[in-house]
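Reader: Could you walk me through how a ligand is held in a protein? I'd like to take it one step at a time.

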Amino acid sequence: MSEPEHVCLLGLGRVGLPMAAAIANAGHQVTGVEIDNARRDAIARGESDLDEPGLAAGVEQALASKRLRLSADAVKAAVYLIAIPTHGSPGEQVEALRALAADLLPTLEKGALVVLESTSAPGTTRASLGEVFSGAGFTLGEDLFLAHSPERVIPGNALAELAQNARIIGGFTPRCAAKAAAFYRSFSSGPIHQTSLETAELTKLVENTFRDVNIALANELATLGESLGWDMSAAIELANTHPRVGLHHPGAGVGGACLPLATRMIASFGDHDSGRGAPLLEAARAVNASTPALLAKKILADLPSGATVAMLGVAYKGNIADTSETPAKALLDALRDGGATVKVHDPYVEAWPEAHLLPLEQALERADAAVLVTPHERFRALKPSDLTAMRGRSLFDLCNILDAERWTKEGFTLSSRGRPWPDAHASQSVRTVQ
Ligand code: SAJ
């Protein structure tokens, strides 16, 4: 590693806390700044709401070695990393980051490196941090170094991806990018690509938009399969054996703070030349956003009116506890609006403002149907004997994790995403001969 640096890391959330631990444990001196007192105190006690493999141990090691300290305020440092959540329109992002830059000014010294990791629209880093620092008398690229390096880690595998993923570093000048690259090399082994601020910002939006649009295609195909009696899930799986096809999986909808935000953000700029907006991106967003309500309608059509439904899974994706922008909310609302009584369970999530969460057995009690929303591995392990409290036999597997043959043999009526409804067993599973 190059010389250990004093790093001031702003925001100890799902990106910032793993970074703080990784950077401290790589030998740097990190001050983790978290303005939420309760969150900061919990981290100091070794508690965290983030279910990341290795994170608790990493934070404990960093705190014990005193290479990670926690603070409510920014401190003087050689490197500033900003990992705060960015919300709102591009204009609102610029305003929020300008305010943050102004707050940093009293601590900033010549020679420091400032890197924004938070997702931002192209031009944001320059118009916020860049303008405020230049306005305060710094010459960027000479006595202060500014870069944008978008975080790319997947929740649920953050520490491993932080250490290995390729990095994109956009510099205000090439010297800024090079200085940031040298710092990131001290804790990251992946390739480091250097570019401009705007291209780095855009790259992040493009990769998340790719995923959103790809999932929209899978969701649209799956919906067609269900209504036309085709096994689209098997077709997607088989199409993916082609060397130039890579379809994502259909599901209950797209959640999380990241994919929908990126697509909306690029689409919001529209096509200035033709004035026609961004029709593909808008359509993809509409497909994914409408998927939960569409699925709820189909579920209700297969059940007696006023049915009791056990909804299994409210996290926005499998094997994590995060419910940000979860498709489970729109699904729940539409099921309730359609007259169903919904009882909700998620083995990872402790509390959810939308519904009182019940233990599995209570959620299933006297339910006419169970709806699997989130592909938690624990749901894959469910056995027919776990569902004896149900009064009905209808299963709606929106994330395709149940084995159709097994469950239909046990007398359940299974409807699986992308397969003919309501008789998933009618489709033949894929068999491969090596
Ligand atoms: N989903 C599907 N089908 C799939 C994959 C995902 O329906 O085949 C759904 C998930 O269930 C979930 C949503 O999409 O509701 C988003 O999940 P995700 O695993 O695709 O992504 P995030 O939001 O957890 O994290 C993404 C990642 N971006 C990419 O993979 C390009 C991550 O690397 C980014 O750091 C993160 O966004 C971010 O912070 O921007």
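Author: Here are a few questions and answers about the ligand and its surroundings in this predicted model.

Reader: Where does the ligand lie relative to domain 1 and domain 2?
Author: Look at who supplies the shell around the ligand. Domain 1 (6-190) gives residues to it, and domain 2 (208-427) does too. Since both contribute, the ligand lies between them.

Reader: Okay, and which helix gives the most to that shell?
Author: The shell holds 20 residues, with Arg14, Glu151, Lys204, Arg211 and Tyr316 the closest. Five residues of the shell come from one helix, spanning 197-228. That top contributor is helix H8.

Reader: What kinds of residues make up the shell?
Author: It's a mix, so to speak. Five are polar and eight are nonpolar. The charged ones number seven.

Reader: How much of the ligand does the protein bury?
Author: Start with the polar contacts: a polar side-chain atom of Arg211 sits 2.5 Å from a ligand oxygen, and one of Lys317 sits 2.9 Å from a ligand oxygen. Taken alone, the ligand exposes 770 Å². Of that area, the protein buries 88%.

Technical notes
Residues are numbered from 1 along each chain as its sequence is written. This is a predicted model: local features need pLDDT of at least 70, side-chain atom pairs count only at pLDDT 80 or more; totals for chains, interfaces and linings use all residues. Side-chain values use heavy atoms; hydrogens and water are left out. A residue is near a molecule or strand if one of its heavy atoms lies within 4 Å of it. A polar contact is a pair of N or O atoms within 3.5 Å; within protein, one must be able to donate a hydrogen and the other to accept it, and residues adjacent in sequence count only if both atoms are side-chain atoms. Accessible areas come from the Shrake-Rupley method with a 1.4 Å probe; for residues, only the protein chains shown count as cover. Helices (H or I, at least four residues) and strands (E, at least two) are DSSP runs, numbered from the N terminus. Ala, Val, Leu, Ile, Met, Phe, Trp, Tyr, Cys and Pro count as nonpolar, Asp, Glu, Lys and Arg as charged, and the others, Gly among them, as polar. Domain bounds come from an automatic or database domain assignment.
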